[in-house]
Amino acid sequence: MYYQKTEKLLDSAENNIKKIFFQVFPDLDESQFNWTKKQNEYENWDSFSHLHLITMIEENFKITITDDDAINLHSAKDLLDFVERNR
Amino acid sequence: MNKIIDYFRRNVENYPDKNAIIFGGQSITYRKLGELVDSFSENLINLKKGSTISIFHENSIDFVISYLGILNSGMITHLIPINLSKEKIQEQLEIANSKFVITSNSLLDRMENIKSGCKIITFQELDIQDCELSSSYDVEDDVAYLIFTSGTTGKPKGASVTQSNTIFTTENIINILNYNNADVNVLPLPLTHSFGLGCLHSSLFVGSTLILLENATNTKKILEHIKNYNATTLASVPLTLTKILKEHENCSDYLQDLRLVITNSTSIPKKTVMCYRDILKTGILATYYGLTEASRSTFMIFAKPGKETSVGKPPEGIVIKIENKVLDERKVGEILIKGKNVIKNYWNNSEADKNIVDGWLRTGDLGHKDAEGYLYLDGRMDYVINIVGEKVVPEEVEEVVRVLIDVEDVVAVGTKNEMYGEIIKMFVKKSPNSKITKSDILSHCIKNLESFKVPREIEFVDDFPRNEFGKIERYRLSEKNE
């Protein structure tokens, strides 16, 4: 499982965000993940999954993401950039 | 026989030398209890029939004497939970229009500075004959006792439970759960609550022996009482039953010979049902659904696997219907109850009386039935969370998280959100020494819940706000977030 494999990796923001992605989308295959791939290109990235991503990132990085900020985060890279700017 | 006291008197005659109550190492026979009840009643001889007398007293033999003595005199008993705040005691006394409070020496200081116009006396110094007594209530003779329920807004409502309500309910309990004079019943529940009081009635009605405990905090003590007195039944809330399983690996040694474990309907975990079914050799685990206003409206006996989350069916004389827009009782809707167990009205509360129309009590509880008519509870109407039109019953979310071994208990509430209307906030009480993180819980929710039911926020808490019965006050958690 990807979850176990990633635990061995360094605890970087990049790895953590990727880990969160696979927690929120447990059916996602690794080949389907791409940092720049947009929300509407993911089959299951609906508004609720978006909330889960935001919540998990807030908990993991101890940051707050407002609704206004959350609306503008459309890809894994957007999430990573936001975390890097605000942690 | 049409009064509670008549059933007791019958057993004073039938079993005079049998122990009626055992409490704190002391025992009292039916004959002695009958004598003390009569003496107590003589103190009330000058009071007008139908007057209200309050009891603010711990579980004890004195409590039982006071309760039966008041009923014996044709008075109405107002039962006050001992963990009530001073303000709430005062509020209840004012609404009840009580003239006397009977209390204990240890609780006397809790009554200080209460301005309700009623006289406060301890059981030990009881001498009511000297008091100037008057009463002008226009009440039906039939009311036996008053128990106040907090309601969802926190405003107390007095449920006026009649003699006939009580006799109907007690006979149902006895017949369905087979209480008999050979029973020895362990009761660690407050007698000020409908559950505990119903167990007292059942025990006295059949002439069995009641092993009364102060409370349920010490589970070891409960088990020891079961063993030492060769008990046949145990009545306890689901939380205590689950605690016994968690705290005592050898609990089956104490419990296995019980013929009955009775609990009530506040979300008994499926695992607990299954464990007790395994532990009890030939005995049964049973539960019921009821309110103070409609005591024991259903009964459920968990005799065989299946339907572990049901609260059962109503007995004869009680009808339950589910009211919803789709006119299908198998879909979730409000539970309405009609029957001889339902109170006629609340105590001086015309607003609350609107909940009882043509004998039908609107419970505010949500439920549904299965194809065989078994009732299942789905939470409270007031707490349904509406997330962009998707309705979420908090209990469903809580149940998923509660199975985690690191979680002791959990409460989900809706909080307002500009985008979603409402979102779910979850309050979690961790098990002792638990290292579980919020991410662990969220991840578990994502795997096990539909997307819109996953909480948006999690907060760890030491405990939840609770009412005098230990019931979690959800509305206070909701208010916190408004």
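## Exercises on a predicted two-chain model

In chain A of this predicted model, confidence is lowest in helix H1 (residues 2-7), at a mean of 45, and highest in helix H5 (residues 76-86), at 92.

**Exercise 1. Decide which stretch of chain A should not be read in detail.**

Step 1. Take the whole chain. Chain A has a mean pLDDT of 83, and 87% of its residues reach 70 or more.

Step 2. Find the weak stretch. Over residues 1-10 of chain A, pLDDT stays under 50. For these residues the model has eight contacts beyond four places in sequence.

Step 3. Apply the rule. Predicted coordinates should not be read in detail where pLDDT is low.

**Exercise 2. Describe the packing of H2(B) and H3(B).**

Step 1. Two packed helices are described by the angle between their axes and the distance between the axes.

Step 2. Helix H2 (residues 30-42) of chain B packs against helix H3 (residues 61-72) of chain B at about 60°, and their axes are 8 Å apart.

Step 3. Classify the angle. Perpendicular would start at 65 degrees and parallel lies under 35, so H2(B) is oblique to H3(B).

Step 4. Add the hand. The crossing of H2(B) past H3(B) is right-handed.

Step 5. List the contact. H2(B) contributes B:Leu33, B:Leu36, B:Val37, B:Phe40 and B:Ser41. H3(B) contributes B:Ile65, B:Ser66, B:Leu68, B:Gly69 and B:Asn72.

Step 6. Sort these residues. Six are nonpolar, four are polar and none is charged.

**Exercise 3. Lay out the eight-stranded sheet of chain B and place its helices.**

Step 1. Write the order. The sheet is open, runs S2-S1-S10-S9-S11-S12-S13-S14 and has mixed pairing.

Step 2. Find the edges. Strand S2 (26-29) and strand S14 (294-301) of chain B each have a single partner strand, so one side of each has no neighbour in the sheet.

Step 3. Add the turn. Direction ignored, neighbouring strands are turned by 20° against each other on average.

Step 4. Inspect one pair. Strands S11 (residues 233-235) and S12 (residues 260-262) of chain B run parallel, joined by three bridges. B:Ala235 stands opposite B:Ile262 in S12(B).

Step 5. Place the helices. Helix H5 (residues 163-177) of chain B touches S12, S13 and S14 of chain B, at about 10° to S14(B). Helix H6 (residues 194-206) of chain B lies across S1, S9, S10, S11, S13 and S14 of chain B, at about 165° to S9(B).

**Exercise 4. Which helix of chain A supplies the largest share of the side that touches chain B?**

Step 1. The contact involves 13 residues of chain A and 12 of chain B.

Step 2. Helix H2 (13-24) and helix H3 (47-61) of chain A each supply at least two residues of chain A's side.

Step 3. H3(A) has the largest share, eight residues.

How values were computed
Residues numbered from 1 in each chain as written. Chains lettered and ligands numbered in written order. Predicted model: local features only at pLDDT ≥ 70, side-chain atom pairs only at ≥ 80, totals over all residues. Axes fitted to C-alpha atoms, helices over the stretch in contact; angles between N-to-C directions. Helix = DSSP H or I, 4+ residues; strand = E, 2+ residues; numbered from the N terminus. Parallel < 35°, antiparallel > 145°, perpendicular 65-115°, else oblique. Left-handed = near helix turned anticlockwise from the far one by under 90°. Contact = placed C-beta atoms within 7 Å. Nonpolar A, V, L, I, M, F, W, Y, C, P; charged D, E, K, R; others polar. pLDDT = per-residue confidence, 0-100. Pairing = 2+ DSSP bridges.
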